[in-house]
Amino acid sequence: MNFIKAEIEGLWIIEPILREDARGYFMETYKKSELEKHNVKVNFIQENESKSSFGVLRGLHYQEGEAAQAKLVRVIEGKVLDVVVDIRKNSPTFGQYQMVELTAQNKRQFFIPRGFAHGFLVLSKTAVFSYKVDNVYAPDAERTIYCLDQDLNIPWPLDQSQLLLSEKDKKGKLFKEISII
């Protein structure tokens, strides 16, 4: 695996080593020892998968306090723009975002430690999105930042009229209103 340090401390873009032949391909998608070589100590306890249509924008979600989650995300089918926002109170990059294009073709993964709000926008007809987490879902601790908050100024590549948001995501708080981890 090739680990690429992202602009914001703690984030990693991970490219697999693909072994291809006439039969297809093989790649490692998770190897604890490889993460640990890059000072990532995490115990994933659950894996989730979602399927979404073009224009679906999920997020920006996070869980507060002891319910916070680290994630290792990837796209199995399609193409998404994955976005995280640093919500670590004492971080020098607090309030900044990082974007990574994840596709079935590039097979990249994105490691997101605790302390980030996370979302993604589907740029293909459909996308199957997979993510490992190190903590169970805690509905009472779940929070949402409004993904179109002008203070964050995230340059989503689709016109707002093309975006499909859940009712929960439409009601997300502005960044300046969130409780800080």
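**The five-stranded sheet**

I started with the open sheet of 5 strands, which in this predicted model runs in the order E9-E8-E11-E6-E13 with antiparallel pairing. I then asked which strands stand at the edges. They are E9 (97-103) and E13 (142-144), and each has a single partner strand, so one side of each is left without a neighbour in the sheet. I also looked up the twist, and it averages 25° from one strand to the next.

Next I checked the pairing inside the sheet. Strand E8 (residues 79-86) pairs with strand E11 (residues 116-122) in the antiparallel sense, over 7 bridges. For one spot to click on, I noted Val 85, whose bridge partner in E11 is Ala 117. A reminder to myself: strands of a sheet pair through backbone hydrogen bonds, either parallel or antiparallel.

**Glu 142, in strand E13**

I picked Glu 142 because I wanted a residue from E13, and that is the strand where it sits. Is Glu 142 buried or exposed? Its relative accessibility is 18%, and the cut-off for buried is under 20%, so Glu 142 counts as buried. I listed what Glu 142 touches, leaving out residues up to four places away in sequence: His 61, Tyr 62, Gln 63, Tyr 137 and Lys 168.

**The start of the chain**

I moved on to strands E1 (residues 2-5) and E2 (residues 12-15), which run antiparallel and are joined by 4 bridges. Phe 3 has Ile 14 as its bridge partner in E2. The hairpin of E1 and E2 has 6 residues between the strands, and there I found Gly 10 with a positive phi near 100°.

E2 has another pairing that I wrote down: it goes antiparallel with strand E10 (residues 109-112), over 3 bridges. Here Ile 13 has Phe 110 in E10 as its bridge partner.

**Salt bridges**

How many salt bridges does a search of the whole structure find? The search gives 12, and I followed up three of them.

- I found Lys 5 and Glu 9 meeting through their side chains at 3.5 Å, N to O. Glu 9 counts as exposed, at 51% relative accessibility.
- I found Glu 15 and Arg 108 meeting at 2.8 Å, N to O. Glu 15 lies in strand E2 and Arg 108 in the loop between E9 and E10, so this pair ties together parts that are 93 residues apart in sequence. Glu 15 is partly exposed, with a relative accessible area of 23%, and Arg 108 is also partly exposed, at 23%.
- I found Glu 101 and Lys 79 meeting at 3.7 Å, N to O. This pair links distant parts of the chain, with Glu 101 in strand E9 and Lys 79 in strand E8, 22 residues apart. Glu 101 counts as partly exposed at 37% relative accessibility, and Lys 79 is partly exposed at 31%.

**The whole chain**

I finished by zooming out. The chain has 2 helices and 13 strands. Its radius of gyration is 16 Å, close to the 16 Å that the globule rule gives for 181 residues, so I noted the chain as being as compact as a globular protein of that length. The C-alpha trace spans about 50 × 35 × 30 Å along its principal axes.

Of the 181 residues, 51% count as buried. The accessible surface comes to about 9,700 Å², and carbon and sulfur atoms make up 46% of it. Last, I looked at contacts with a separation of 6 or more: residues 24 or more positions apart account for 80% of them.

Technical notes:
Residues numbered from 1 in each chain as written. Predicted model: local features only at pLDDT ≥ 70, side-chain atom pairs only at ≥ 80, totals over all residues. Heavy atoms only, no water. Pairing = 2+ DSSP bridges. Axes fitted to C-alpha atoms, helices over the stretch in contact; angles between N-to-C directions. Rg over C-alpha atoms; globule rule 2.2 N^0.38 Å. Buried < 20%, exposed > 50% of the residue type's maximum accessible area, 1.4 Å probe, protein only. Contact = heavy atoms within 4.5 Å. Areas by Shrake-Rupley, 256 points an atom, 1.4 Å probe, with all protein chains shown as cover. Salt bridge = Lys/Arg side-chain N within 4 Å of Asp/Glu carboxyl O.
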